[in-house]
Amino acid sequence: MVIPPPLLLIVGPTGVGKTAVAARLAASVPMEVVSADSRQVYRGMDAATGKPTSEERKAVTHHLLDLIEPGERYHAARFRLDAAQAIEAIREAGRLPVVVGGTGLYVRALLRGLDPAPPADPALRVRLEETARTNGPAVLHEGLRALDPERAARLHPNDRVRIIRAIEKHGRGAATSGGWARAVPPWRVVMFGLRRERVALNRALEERARSMLAGGMMEEVRCLLAAGHDETAPGMAGIGYRQWAKVARGRLSPAEALRLMVRDTQRYAKRQMTWFAREPEIQWLDVDEVGGVEGAAEYIHKHILREGWIA
């Protein structure tokens with residue numbers, strides 16, 4: 001019997017320290033991170049998306065950051081494919097893939113799939129065709145193998161047309177093909193959820209919002225607007241951007257924009273916790289109780305040592 005390869009996930013609400021814990025863990029674990037964050041895929045949107053800092057990126061390689069422009073759309077079906085390909089590449093490099101993020105829909109899509117399927121994405125075929133032209137169809141075949149091992153086994157790695165059709169089927173045909181929801185992930189999954197007591201997290205999120213503003217939030221929004229990415233752009237719907245775009249247009253005061261940004265971020269964190277609370281596989285760690293970022297990283301490190309994932 002073939003033992004599935006390991007996959008570690010670190011999830012939880014925004015601002016709880018997931019990225020920092022992953023960077024600290026990387027000091028003792030040969031690993032690379034796959035970001036599961038619906039905001040961090042946008043290029044030029046750094047101030048309020050919680051992207052890894054330059055130091056954190058130096059500490060550990062991150063995948064699925066800065067993939068698209070603010071005017072483009074990105075959804076869970078595409079994430080599932082992109083993440084599966086990144087996980088396979090990390091494994092082939094002899095490192096442990098670690099999915100880190102707070103977009104619960106993306107995590108669920110990766111592990112169990114989506115049912116019913118999201119709408120078809122015309123841009124997906126274009127991207128798949130371009131990948132096949134640039135890197136060869138075998139690269140797509142590896143991605144399909146992570147999504148659907150049985151289907152991939154029936155297709156030749158050079159059968160570009162059928163491989164692309166099979167991948168597209170995962171993006172639009174779950175309702176008629178049995179659904180991703182019944183899919184078994186091709187990995188041995190260990191998932192840790194980071195949390196903090198709500199009052200402490202809310203206080204940290206308010207401080208974080210003020211730090212984002214001091215770190216160039218307004219200037220970044222002005223640059224995005226000047227580049228033609230107005231409030232209707234998918235990327236601009238993110239918390240912070242929509243508020244400060246109104247400030248730039250003279251439709252909201254800075255004080256009110258900050259208040260709304262803090263309020264909406266705290267509400268979003270609460271919704272994230274509600275979503276992840278329904279995931280029975282999660283092993284929860286209170287970051288403050290285990291000794292902060294370093295304590296959480298040490299706890300996870302000891303766990304995967306016991307699992308035999310690393311020496």
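A residue is called buried when its relative accessible area is under 20%. Keep that cut-off in mind as you look through these views of a predicted model.

**Figure 1. The whole chain, with 52% of its 311 residues buried.** Let us start with the overall picture. The chain holds 13 helices and six strands. Its radius of gyration is 20 Å, close to the 19 Å that the globule rule gives for 311 residues, so the chain is as compact as a globular protein of that length. Along the principal axes, the C-alpha atoms fill a box of roughly 60 × 45 × 35 Å. Many contacts link distant parts of the sequence: among contacts with a separation of 6 or more, 74% are between residues 24 or more positions apart.

**Figure 2. The outside of the chain, about 14800 Å² of exposed area.** Carbon and sulfur atoms supply 51% of this exposed area. The chain also carries 46 positive and 37 negative charges, and the mean positions of these two groups are 4 Å apart.

**Figure 3. An open sheet of six strands.** Try following the strands across the sheet in the order E3-E2-E4-E1-E5-E6. The pairing is parallel. Which strands lie at the edges? They are E3 (62-63) and E6 (282-286), each of which pairs on one side only.

**Figure 4. Strand E1 and its two neighbours, E4 and E5.** Here we zoom in on E1, which spans residues 6-11. Six bridges join E1 to E5 (residues 188-195), and the two strands run parallel. One of the residues to find here is leucine 8, whose bridge partner in E5 is valine 190. E1 also pairs with E4 (residues 96-101) in the parallel sense, this time over four bridges. On that side, look for leucine 9, which stands opposite valine 99 of E4.

**Figure 5. The two covered faces of strand E1.** In a regular strand, side chains alternate between the two faces of the sheet. Which residues of E1 belong to each side? Pro6, Leu8 and Ile10 are on one side, while Leu7, Leu9 and Val11 are on the other. Both faces are covered, and these residues are all buried. That makes six buried residues out of six for this strand.

**Figure 6. Threonine 265 in helix H12.** Next comes a residue from a helix: threonine 265 is found in H12, which covers residues 254-276. Is threonine 265 buried or exposed? Its relative accessibility is 11%, and because the cut-off for buried is under 20%, threonine 265 counts as buried. Leaving aside residues up to four places away in sequence, threonine 265 touches Thr14, Leu205 and Ile239.

**Figure 7. Leucine 64 and aspartate 66, two loop residues with positive phi.** Most residues other than glycine have a negative phi. Leucine 64 is not a glycine, yet its phi is positive, at about 70 degrees. Aspartate 66 is not a glycine either, and has a positive phi of about 55 degrees. Where do we find them? Leucine 64 is in the loop between E3 and helix H3 (76-92), and aspartate 66 also has its place in the loop between E3 and H3. As for cover, leucine 64 counts as buried because its relative accessibility is 11%, whereas aspartate 66 is partly exposed, with a relative accessible area of 26%.

Terms used. Residues are numbered from 1 along each chain as its sequence is written. This is a predicted model: local features need pLDDT of at least 70, side-chain atom pairs count only at pLDDT 80 or more; totals for chains, interfaces and linings use all residues. Side-chain values use heavy atoms; hydrogens and water are left out. Buried means under 20% relative accessible area, exposed over 50%, partly exposed in between (1.4 Å probe, protein chains only). Two strands pair if DSSP finds at least two bridges between them. The radius of gyration is taken over C-alpha atoms; the globule rule is 2.2 Å times the number of residues to the power 0.38. Contact means heavy atoms within 4.5 Å. Accessible areas come from the Shrake-Rupley method with a 1.4 Å probe; for residues, only the protein chains shown count as cover. Lys and Arg count as positive and Asp and Glu as negative; His and the chain ends are not counted. The place of a charge is taken as NZ of Lys, CZ of Arg, CG of Asp or CD of Glu.
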